[in-house]
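The following exercises invite the reader to study a structure step by step. Each task is followed by a worked solution.

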Amino acid sequence: MSTDPLSLTLSALAHPARRAILAQLTTGERTVAELGAPFDMTGPAVTKHLKVLERAGLVERHREAQKRPCRLRAEPLRDVFALIEPYREFWDGSFDRLEALLTGEKDI
Amino acid sequence: MKLQVDMAQDHILGFSRSFPIPVEALYQAWTDPEKLTQWWGPKGFTLTINRYELRIGGIWDYILHGPDGTDYPNQAVFEVIEPNRRLVFSNIGGHVEDAHLTCRMVVRFAEAAEGAKVELRMIFDDLVGLEAAKARGAKQGGEEAFDRLAIFLKQS
């Protein structure tokens, strides 16, 4: 498996539990316990996912604070957006035109 | 209705959307070349179809014309054709705002509460490799991309 930064980011994102963890972190720092609570995920399960996210540079953990809260890092996400964006634009634009075509026909 | 984006694996991009029309009309829009020329491609693009053979192994040869006059030639080969249910084709070539459309496209059609839904998956051999070849830098500003990612993650 590739270990370039973008590949690591994509692999990290390609798991629903990790996406759920990141979604929580978009609103602020969380401890491991706080991250696991909404999903009944155990501490070790959360930690396992955090390690993948840390390796991808998506999450940082405080070294000094006792509970070592986690923080989201935005930089790798910008690269993912740059990757996905042209495809999203292609389909968003195409489907808008498709809808206009099909619903326009309905009125005829 | 909103476009849903997902990324189940790191080389597969998924897009889905519902339309307030019957599934037969949706499928027909995807498989009638006269209709395709009216919607395939983002706003500002036009489509020329040189060849369209809706059969297994048949070829769809087309050119997307960008708003700035750039042409993006594409060639697709049909692999699966199940009316009103599934369409699978391999697409080669083309650039869309610097991105490649070289991938297998797996398209599923289904009835939905609001009419019909199309779910498509773009399966790339090496999505990251394409990206590296483009050497594209992040264009979006920090906060804006962040907010959009939050929405993307919560939908997944």
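**Exercise 1. The make-up of chain A**

How many helices and strands does the secondary structure of chain A contain? Establish also their order and the overall dimensions of the chain.

Solution. The model is a predicted one.
Step 1. Five helices and two strands make up the secondary structure of chain A.
Step 2. Starting at the N terminus, these elements follow the order α-α-α-α-β-β-α.
Step 3. Chain A has a radius of gyration of 19 Å, whereas a compact globule of 108 residues would have one near 13 Å.
Step 4. Along the principal axes, the C-alpha atoms of chain A fill a box of roughly 65 × 30 × 25 Å.
Step 5. Among the 108 residues of chain A, 53% count as buried.

**Exercise 2. The two sides of a helix**

Describe helix α4 of chain A, and determine which of its residues are buried and which exposed residues its opposite face carries.

Solution.
Step 1. Helix α4(A) covers residues 43-55, 13 residues in total. From its first C-alpha to its last it reaches 18 Å, close to the 18 Å expected at 1.5 Å a residue.
Step 2. Val46(A), His49(A), Leu50(A) and Leu53(A) are the buried residues of α4(A).
Step 3. Viewed down the axis of α4(A), the buried residues fall within an arc of 105°, and therefore they line one face of the helix.
Step 4. Pro44(A), Lys48(A), Lys51(A) and Arg55(A) are exposed residues on the face of α4(A) turned away from the buried side.
Step 5. The packing partners of the buried residues of α4(A) are α1 (5-13), α2 (16-25), α3 (32-36), β1 (59-61) and β2 (70-72) of chain A.
Step 6. Just after α4(A) comes Gly57(A), with a positive phi of about 75°.

**Exercise 3. A covered strand in chain B**

Place strand β2 of chain B within its chain, and state which strand it is joined to by eight bridges.

Solution.
Step 1. Chain B has four helices and ten strands, and along the sequence they give the pattern β-β-α-α-β-β-β-β-β-β-β-β-α-α.
Step 2. Strand β2(B) spans residues 12-19, and eight of its eight residues are buried.
Step 3. Both faces of β2(B) are covered. One side holds Ile12(B), Gly14(B), Ser16(B) and Ser18(B), and the other holds Leu13(B), Phe15(B), Arg17(B) and Phe19(B).
Step 4. The strand joined to β2(B) by eight bridges is β10(B), residues 115-123, and the two run antiparallel. Within this pairing, Ser16(B) stands opposite Glu119(B).

**Exercise 4. The position of Phe19(B)**

Is Phe19(B) buried or exposed? Find how far its C-alpha atom is from that of Gly115(B).

Solution.
Step 1. Phe19(B) belongs to strand β2 of chain B.
Step 2. The relative accessibility of Phe19(B) is 0%, and therefore this residue counts as buried; the cut-off for a buried residue is under 20%.
Step 3. Although Phe19(B) and Gly115(B) are 96 residues apart along the chain, their C-alpha atoms are separated by 5.8 Å.

**Exercise 5. An aromatic pair**

What kind of aromatic pair do Trp60(B) and Tyr62(B) form?

Solution.
Step 1. Two values describe a pair of aromatic rings: the distance of the centres and the angle of the planes.
Step 2. Over all chains, the count of aromatic pairs comes to 24.
Step 3. For Trp60(B) and Tyr62(B), the centres are 4.1 Å apart and the angle between the planes is 25°. Planes under 30 degrees apart count as stacked, and the pair of Trp60(B) and Tyr62(B) is stacked.
Step 4. Trp60(B) and Tyr62(B) are both buried.

Note on methods:
Residues are numbered from 1 along each chain as its sequence is written. Chains are lettered from A and ligands numbered from 1 in the order in which they are written. This is a predicted model: local features need pLDDT of at least 70, side-chain atom pairs count only at pLDDT 80 or more; totals for chains, interfaces and linings use all residues. Side-chain values use heavy atoms; hydrogens and water are left out. Buried means under 20% relative accessible area, exposed over 50%, partly exposed in between (1.4 Å probe, protein chains only). Two strands pair if DSSP finds at least two bridges between them. Rings of Phe, Tyr and Trp (its six-membered ring) pair if their centres lie within 6.5 Å; planes under 30 degrees apart count as stacked, over 60 as edge-to-face and the rest as tilted. The expected span of a helix is 1.5 Å times one less than its number of residues. The arc is that of the directions from the helix axis to the C-beta atoms. Contact means heavy atoms within 4.5 Å. The radius of gyration is taken over C-alpha atoms; the globule rule is 2.2 Å times the number of residues to the power 0.38.
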